[in-house]
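Take the assignments in this model one at a time. For each label, ask what earns it.

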Amino acid sequence: EERLTESGGGLVQPGGSLRLSCAASGFPFTYFGMSWVRQAPGKGPEWVSSIGSRSVTLAYADSVKGRFTISRDNAKNMVYLQMNSLKPEDTAVYYCAKGYDGWSDRDRWGQGTQVTVSS
């Protein structure tokens, strides 16, 4: 069974940092790109970042470029999202997704982790 399990969310003040983790299992992780997508209350999904299978190709949404960093550890079947200089508008449920473009298919998402940026 394919599974993606996100962790690391929480409540943080503006300007703070969080590191999200996503544990993957049930599929050959090293062959797939991965992505992060977020969804704020009352809004549609927003692509955040994608990473290729060997970490050579990286991409970021303009809204997070320079603040967020995506990475992966193929030995551990893990993908990460380091989030710095967080803003209230970053508040959302964050999901990791199987595939570089997997963010566009809800069936490829994990269960999500809540990130709340508030003072």
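**Labels and their cut-offs**

Strand 4 (residues 34–39) and strand 9 pair in the antiparallel sense, over six bridges. This is a predicted model: local features need pLDDT of at least 70, side-chain atom pairs count only at pLDDT 80 or more, and totals for chains, interfaces and linings use all residues. Residues are numbered from 1 along each chain as its sequence is written, and side-chain values use heavy atoms, with hydrogens and water left out.

Q: What makes strand 4 and strand 9 a pair?
A: Two strands pair if DSSP finds at least two bridges between them. Strands themselves are DSSP runs of E, at least two residues long, and helices are runs of H or I of at least four; both are numbered from the N terminus. Strand 4 and strand 9 have six bridges, in the antiparallel sense. One bridge joins V37 to Y95 in strand 9.

Q: How do you know that strand 9 and strand 10 pair as well?
A: Strand 9 and strand 10 have three bridges, again antiparallel, against a requirement of at least two. A92 has V115 in strand 10 as its bridge partner.

Q: Why is strand 9 called largely enclosed?
A: Six of the seven residues of strand 9 are buried, so the rest of the structure largely encloses this strand. Buried means under 20% relative accessible area, exposed means over 50%, and partly exposed lies in between (1.4 Å probe, protein chains only).

Q: Why is K98 called buried?
A: K98 has a relative accessible area of 13%. The limit is under 20%, so the label is buried. K98 lies in strand 9.

Q: What makes K98 and E2 a salt bridge?
A: A salt bridge needs a side-chain nitrogen of Lys or Arg within 4 Å of a carboxyl oxygen of Asp or Glu. For K98 and E2 the closest N and O atoms are 2.8 Å apart, so the rule is met. The pair links distant parts of the chain: K98 is in strand 9, E2 is in the segment before strand 1 (3–7), and 96 residues separate them. E2 is at 47% relative accessibility and counts as partly exposed.

Q: Which residues is K98 in contact with, leaving aside its neighbours within four places in sequence?
A: They are E2, L4, F27, F32, G33, M34 and R108. Contact means heavy atoms within 4.5 Å.

Q: How do you know that E1 and R3 form a salt bridge?
A: Their closest N and O atoms are 3.5 Å apart. The limit is 4 Å, so the pair qualifies. E1, at 77% relative accessibility, counts as exposed. R3, at 46%, is partly exposed.

Q: What makes E46 and R38 a salt bridge, and how is each residue classed?
A: The N to O distance is 2.7 Å, within the cut-off for a salt bridge. E46 is partly exposed at 31% relative accessibility. R38 is buried at 5%. Salt bridges that share partners join R38, E46, R67 and D90 into one network. The total in the model is seven salt bridges.

Q: Why is the pair of F27 and F32 called edge-to-face?
A: Rings of Phe, Tyr and Trp (its six-membered ring) pair if their centres lie within 6.5 Å; planes under 30 degrees apart count as stacked, over 60 as edge-to-face and the rest as tilted. The F27 and F32 centres are 5.5 Å apart and the planes are at 90°, so the pair is edge-to-face. F27 is buried at 9% relative accessibility. F32 is partly exposed at 26%.

Q: What makes the pair of W47 and W103 tilted?
A: The ring centres are 6.4 Å apart and the planes are at 40°. That angle falls between the stacked and edge-to-face limits, so the pair is tilted. W47 is in strand 5 (residues 45–51), and W103 is in the loop between strand 9 (92–98) and strand 10 (113–117), 56 residues apart. W47 is partly exposed at 23% relative accessibility, and W103 is partly exposed at 29%. The count of aromatic pairs comes to four.

Q: How do you know that R19 sits over the ring of Y80?
A: A charge sits over a ring if NZ of Lys or CZ of Arg is within 6 Å of the ring centre and within 35 degrees of the ring normal. The charged end of R19 is 3.9 Å from the centre of the Y80 ring and is placed over that ring. The charged end of R72 sits over the ring of F29, 4.2 Å from its centre. Ring pairs link F29 with F27 and F32 into a cluster.
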